[in-house]
Amino acid sequence: MSHSSKRTTITAAINRALRLPVLLRLYDKTAHFLFPLLRRLISKSIRFMDSILFYNEDDDLYSTPFDHSFLPPSFSDPGESIFLVPFRWWKEAVCGGGVVDGASGVGGVLYNATVQLNVAGKYRDNDDDDFIGVFGDSEVLVAMSRQEESGISGEEADSGGEGDLALVSEWMFFSALKWHYDMKDVESLLREEGSGYDLFSSQIRLSYVRETRQLVIKISQKDNEVGFAKARSIFCAKCGALQVWDFSGQTNQLFVADNKSYMDSGQSDEEILLELQIYGLSSTIRDEERGNDDMAVEQCWVDEPSSSSSPRMNGSLDKVNLFARVPPPFAFNSGFYGPGALGLTGLYNLGNTCFMNSAIQCLVHTPKLVDYFLGNFRKDLNYENPLGMNGKLAIAFGDLLRKLWTPGATPVSPRMFKSTISSFAPRFSGYNQHDSQEFLSFLLDGLHEDLNRVKMKPYIETKDDDSRPDEEVADEYWKNHLCRNDSVIVDLCQGQYRSMLVCPVCKKLSTTFDPFMYLSLPLPSSTLRKMTLTVLSCDGTTLPHPVVITVPDDGTFKDLVMALGEACSLRHNETFLIAEIFNNSILRVLEDPDDSLGLIRDNDQLVAYILPTEMDGSPLVVFMHQQEEKSFIHSSPSFKKFGIPLVTRISDFSKGSEIHKEFLKLLNPFILPVEESLNDASRKRAHEDEELEDTVPDGAANSNNETENDLDAHCSFEYYVENGKSHSNWSKIEMDEPVPIPIPKLNQQIDMIVSWPEKSIQEYDTSILSMLPEVYRTTFTSKWNQDSISLYKCVDAFLKEEPLGPDDMWYCPNCKEHRQAIKKLDLWRLPDILVIHLKRFSYTRFFKNKLEAFVDFPIDDFDLSNYVIPKNNMSCHRYKLYAVSNHYGGLGGGHYTAFAKHGLDRWFEFDDGRVFPVTEEQIKTQAAYVLFYKRI
């Protein structure tokens, strides 16, 4: 470099430094802070002067807070978000019939828009235009001028440009999205990973300029730290004019023809903060560029707009959003199946909320219900219905459904939905487990009342059905029902059945036609119950063995004894003593023949002792076993009970040796073979005993025979009479002394404790004593190990004729008394969506039980034509399965999942937050609890 050029550069630098020495340093450090502060201060000052000089009493009408009742009827619900989509994409859905709201066409307003990009402000030297520093905030400004109102209807659709945009409301967006999803190759959508299907949100500031009557949208980098680069790339894709169509109706309020319009009030230049959802617009920005927006220098139009057309972007930053709520940002990250997948989104478990997640996943995959809630369901909200929930439940469910059908959504937390449910149904508050069918019933009833199109329910008096045809009466009942109940739930899920009651005395027939939301079908297996008992003979001849019997589910103890007697071939001189065992002791003896079998739970352990009838009346002796338990903590020995108690009847208590003989007799089947019971030491001792026997004199042998009882008396077993739980109250039994008990009474039960030495435990098979099965063991296999139950048999059981219960008597109008009438149900009218509840859970006064029977339900063709009474009905009565709510496990400790058939004609399992494909063969399990069918 020459000396002259160096001097010129140095001189220019000195001149610039002398010109603005302090201000430049201030720019470097405080530009981002000072300029927004100055703008806000000037804006408030102007508004203050405006209010003093141009005050008008009429301005109070438009003052903050904003009165929503002033908005024109076309204004959308404030809860609806606004979406910006390609016009072509939107027009395809409208012309294809994907956006339907009861109108022949969809009207919109056309705007001509100009876009400019203001990059971060630059300080330049006036002499040589050298770059000095950067200050301010980069922003995209879109100025829109209203042109005309037009519409899109079929082939007469307006032809928009390739780059034209459309503003649509939330329900319009989701309806169009669902139409495109159904029309296109969904398999390719699942593999789609381009930004063309990207959905993201952007914070915009909206203002109205009175001078130019323009609507101005500002997208600033400060408000969008993450998505500004993407939004800038979309709006600045090409230079020049842009056409924006507004079909949401959100901008109408800003262009009221009257001079005293909403925007001509004191709020005309206020900026409105709004969250705009942007979908389907190509973005060319690279990921590495998204963090380098601060020093952006490229511009599509001009660096500074002219004063004549420049919109004034002043105003407060803390105003209320007039257009829509600002929801938390959607989880738009790619889900399990990529950004193109819809509906394959899981629900987080908030704590025992799997019952809720299972029911919700089945509903959000109900085809017509999905289309309804993705559409403009808010038009049907009934805020005045006293039976409803002020529309809150329907809004919460619709919002949750849309989140689950958002492109590429990650698992959703249903916290707000659960909170809404809990506020109207406190039983679902907290984090306890509940029944998914009970929750589903409440949800469907609540949605029906919130969406009931009947605002004022008329009073309708029921007419007598005397001698009128059933068809006429049924139609009248249904018409009266629709006069008071008219909602999408009624349209899809409600049917009608005929109920007939016949008096058993006078034969009076009463027929009614009632609506139903679902069918609760009993399982035919519920009339029988399988029970496992351990049978033990008290004569010391056989080992204990399990016996499985079948008894009536509502039977008595007498039925159990009869079934067990047939299974064991009980002889006439034998009887049963059936006892419940708990903690290796007899908890209770089942004696009353009229006791309900409902008192016996599945996890109980029952033993049936076979006793000779000839000993009836003798005291019943119960031997309970204990052994010393080694402890490294306590020096004193401790004992622990084990095994099944042994039972016998004894009449002689003169000596303890008699007790010992009876006990050894009971133990006889448990003796191990010699080669298994003797270890090396015992074999050596046995060999030594044999050598001694060879040298014993004949007299000694005779003496041994004479004192056999004395040798038995020196056994290693120790016997105690249990007089209480405390060991100190036990009375030890000596072999050559009377048993220390009072005079025995008839049928008296005497509990005795037998202390087992280590040697005896090695000689007897005590493991058999400890094998005690439960009455019924729940299995988790996918298929029932016995004959399956057909779903048609469940329908037969539901429709069969049966008497009413004694607690549900019917008042006969002829007899003038309550009668136990005969009831018969028939299917009369079937809905498009048929929900079937399998009654697996049974509840009685004494116990709760779950039936694990495998129900074989049709998947592709569930034909109910033979069950519907009106044969001249032209409706199809064949159904196809599309969802299943499953319950695994027992009562209080189970888990709910769901199977749902997606639009791909593939099955998926929804296990809370996890979603994964399954085959059709995996759908049928014994966990199926609620079945969802749609009419073919």
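# Working through a predicted model

Tutor: Start with helix 14, residues 557-568: 12 residues at 1.5 Å a residue should span 16 Å, and the end C-alpha atoms are 16 Å apart, which agrees. Keep in mind that this is a predicted model.

Student: Which residues of helix 14 are buried?

Tutor: The buried ones are F557, L560, A563, L564 and G565.

Student: What do those buried residues pack against?

Tutor: Four strands: strand 14 (528-537), strand 15 (545-552), strand 16 (574-582) and strand 18 (606-612).

Student: And what follows helix 14?

Tutor: S569 follows, with a positive phi near 50°.

Student: Let me back up to the whole chain. How many helices and strands are there?

Tutor: The chain has 22 helices and 38 strands. It holds 936 residues, and 46% of them count as buried.

Student: What about the surface?

Tutor: The accessible surface is about 47300 Å², and carbon and sulfur atoms make up 52% of that.

Student: How much of the contact map is long-range?

Tutor: Taking contacts with a separation of 6 or more, 76% are between residues 24 or more positions apart.

Student: Switching to sheets. What is the strand order in the five-stranded one?

Tutor: The order is 20-19-23-21-22, in an open sheet with mixed pairing. Its edge strands are strand 20 (638-649) and strand 22 (731-733), each pairing on one side only. On average, neighbouring strands are turned by 30° against each other, direction ignored.

Student: Which helix packs on that sheet?

Tutor: Helix 15, residues 656-667, packs on the sheet and touches strand 19 (620-629), strand 20, strand 21, strand 22 and strand 23. Its direction makes about 90° with that of strand 20.

Student: How do strands 21 and 23 pair, parallel or antiparallel?

Tutor: Antiparallel, over four bridges, with strand 21 covering residues 718-721 and strand 23 covering 749-756. V721 has M752 in strand 23 as its bridge partner.

Student: I was looking at T648. Where does T648 lie?

Tutor: T648 lies in strand 20, which is one of the edge strands.

Student: Why does T648 count as buried?

Tutor: Because its relative accessibility is 7%, and the cut-off for buried is under 20%.

Student: What is T648 in contact with?

Tutor: Leaving aside neighbours within four places in sequence, T648 is in contact with C538, L611, P619, L620, V621, F623, E662 and L666. As for I610, 38 residues away along the chain, its C-alpha atom is separated from that of T648 by 9.2 Å.

Student: F623 rings a bell. Which aromatic cluster includes F623?

Tutor: The cluster made of F623, F642, F663, F717, Y719, W756 and Y764.

Student: How many aromatic pairs does the count come to?

Tutor: The count comes to 37 aromatic pairs. One of them is F83 with F173, which is stacked at 4.1 Å centre to centre with 5° between the planes. F83 lies in strand 1 (residues 82-86) and F173 in helix 4, so the pair ties together parts that are 90 residues apart in sequence.

Student: Are F83 and F173 buried or exposed?

Tutor: F83 is buried, and F173 is buried as well.

Student: How many residues of helix 4 are buried?

Tutor: Helix 4 is mostly covered, with 12 of its 14 residues buried. Among them are W171, F174, W179 and Y181. The helix runs over residues 170-183 and reaches 20 Å from its first C-alpha to its last, close to the 20 Å expected.

Student: Back to strands. Which side chains of strand 13 are buried?

Tutor: In strand 13 (residues 519-522), L519 and L521 point to one face and are buried, while S520 and P522 point to the other and are not. In general, side chains in a regular strand alternate between the two faces of the sheet.

Student: Which strand is joined to strand 13?

Tutor: Strand 29 (residues 833-839), which runs parallel with strand 13 and is joined to it by four bridges. L519 has I836 in strand 29 as its bridge partner.

Student: Last one, near the C-terminal end of the numbering. What do strand 36 and strand 37 form?

Tutor: They form a hairpin with two residues between them, and D912 in the turn has a positive phi of about 55°. Strand 36 (residues 907-911) and strand 37 (residues 914-918) pair in the antiparallel sense over five bridges. W907 has V918 in strand 37 as its bridge partner.

Note on methods: Residues numbered from 1 in each chain as written. Predicted model: local features only at pLDDT ≥ 70, side-chain atom pairs only at ≥ 80, totals over all residues. Heavy atoms only, no water. Buried < 20%, exposed > 50% of the residue type's maximum accessible area, 1.4 Å probe, protein only. Contact = heavy atoms within 4.5 Å. Areas by Shrake-Rupley, 256 points an atom, 1.4 Å probe, with all protein chains shown as cover. Pairing = 2+ DSSP bridges. Axes fitted to C-alpha atoms, helices over the stretch in contact; angles between N-to-C directions. Expected span 1.5 Å × (residues − 1). Phe/Tyr/Trp six-rings, centres within 6.5 Å; stacked < 30°, edge-to-face > 60°.
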